[in-house]
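Me: I'm new to reading structures, and I'd like to understand the reasons behind the terms. Could you walk me through this one?

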2 protein chains.
Amino acid sequence: MGNAAEIYGKVYVLRLGHRPSRDKRVSTHVGLVARAFGANGFILAPICDESVVRSLRRVLEEWGGEMLLECTDNPLSYATQWRRSGGEIIHLTMYGLPVDNVIDTIRMSPRPKLIIVGAEKVPGQYYELADYNVSIGRQPHSEIAALALFLDRLYKGLELYLEHENRCLEIVPSPGGKKVVEIGGGSNAADDRADVRP
Amino acid sequence: MGNAAEIYGKVYVLRLGHRPSRDKRVSTHVGLVARAFGANGFILAPICDESVVRSLRRVLEEWGGEMLLECTDNPLSYATQWRRSGGEIIHLTMYGLPVDNVIDTIRMSPRPKLIIVGAEKVPGQYYELADYNVSIGRQPHSEIAALALFLDRLYKGLELYLEHENRCLEIVPSPGGKKVVEIGGGSNAADDRADVRP
């Protein structure tokens, strides 16, 4: 499976309510899931936390793929503009409609998709602006898990086989230990390699 | 769908390498995903971070379900003991075998399952101890997403319909807004209700 954008069109993730003091790691995980599960854009709001952007940029450089990285200090305006220009908005919330009930309709729509994932409380305007308020189970859990499951349902599990272009590193699946190949370089049985997760 | 333990047997999640200074929120998300996606136990290691345990306990009280909550300062011994007493170990790592290749075998096994998710670098002993080193895609992303996807594959998506026993709160899915019912109490269209996520 090749480039997700060519196959699925434009899918951006808008991470709402980021507070650098406590959300650095969670927002970075949201961005990493966006990339790994096939989204083509990640927008951080309302504060442009350079440490998050830097972590994501480093992963893009090493592990490949194309994903637009942006910040906005006015996410409501960003989302409103998205709809005005013909896109649709999917807001992930445990209060929404079950993903299984709406995913086929969402997948069939050719409109560019903006997936909104909030940290803590999301203002009511987003519920109203969204074309779909979608729940991944009706339990409190994690916006990271919710985004992963949503993209997995959207792409029917094929996102796990994405080939990210322009990668320097690639993993060779192994029953035990770690095997990483440097593209353009040699093979590297890197048992003591540092994990790249934030 | 009722109690996951009755249907699927014992599934515990061991969260490895927790450091209170930076992992509070991520480890709490791991615990919340464990509960919401049907695991029956969550073990935090090597430091017993009371704030994580307290958050999880509060969610269990409000939203129901039964999940054992424990800490261990010796996770390697815990995992070794698990195997000795007949259980099997699944270590989630981006270096492992693709989940789609092994999930049917894992699901069919009646042995109690200990799912290990690490923060950053996991020592080599766990790779050797594990019955399965399993990857959720071969990209760096998030242990929270990895756990959610793994449990989703294990339970074939049915975990999203779990009914958690002894719950005080329940969500009524809604296309817009938030609707929460207090079990034993009234309905509550809680538009300004604080999110329960950590």
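Me: How do you know whether the copies, chain A and chain B, meet through the same surface or through different ones?

Reply: Good place to start, and keep in mind that this is a predicted model. Look at the interface residues: 100% of those in chain B are also interface residues in chain A, so the two copies use the same surface.

Me: What makes the relation between chain B and chain A that of a two-fold axis?

Reply: In general, two copies of a chain are related by a rotation about an axis and a shift along it. Here a rotation of 180° with 0.0 Å of shift along its axis puts chain B on chain A, with an RMSD of 0.0 Å. That is why we speak of a two-fold axis. In chain B, the C-alpha nearest this axis belongs to Ala145(B), 2.3 Å from it.

Me: How do you know which residues count as touching between domain 1 and domain 2 of chain A?

Reply: The domain assignment gives domain 1 as 4-167 and domain 2 as 168-198 in chain A. Residues are in contact if their C-beta atoms, placed from the backbone, lie within 7 Å. By that test, 7 residues of domain 1 of chain A are in contact with 6 residues of domain 2 of chain A.

Me: Which helix gives the largest share of the side of domain 1 of chain A that touches domain 2 of chain A?

Reply: That is α3(A), with 4 residues. Both α2 (20-36) and α3 (50-63) of chain A supply at least two residues of that side. By type, the residues of this side of domain 1 of chain A are 2 nonpolar, 2 polar and 3 charged.

Notes. Residues numbered from 1 in each chain as written. Chains lettered and ligands numbered in written order. Predicted model: local features only at pLDDT ≥ 70, side-chain atom pairs only at ≥ 80, totals over all residues. Domains from an automatic or database assignment. Nonpolar A, V, L, I, M, F, W, Y, C, P; charged D, E, K, R; others polar. Least-squares fit on C-alpha atoms with pLDDT ≥ 70 in both.
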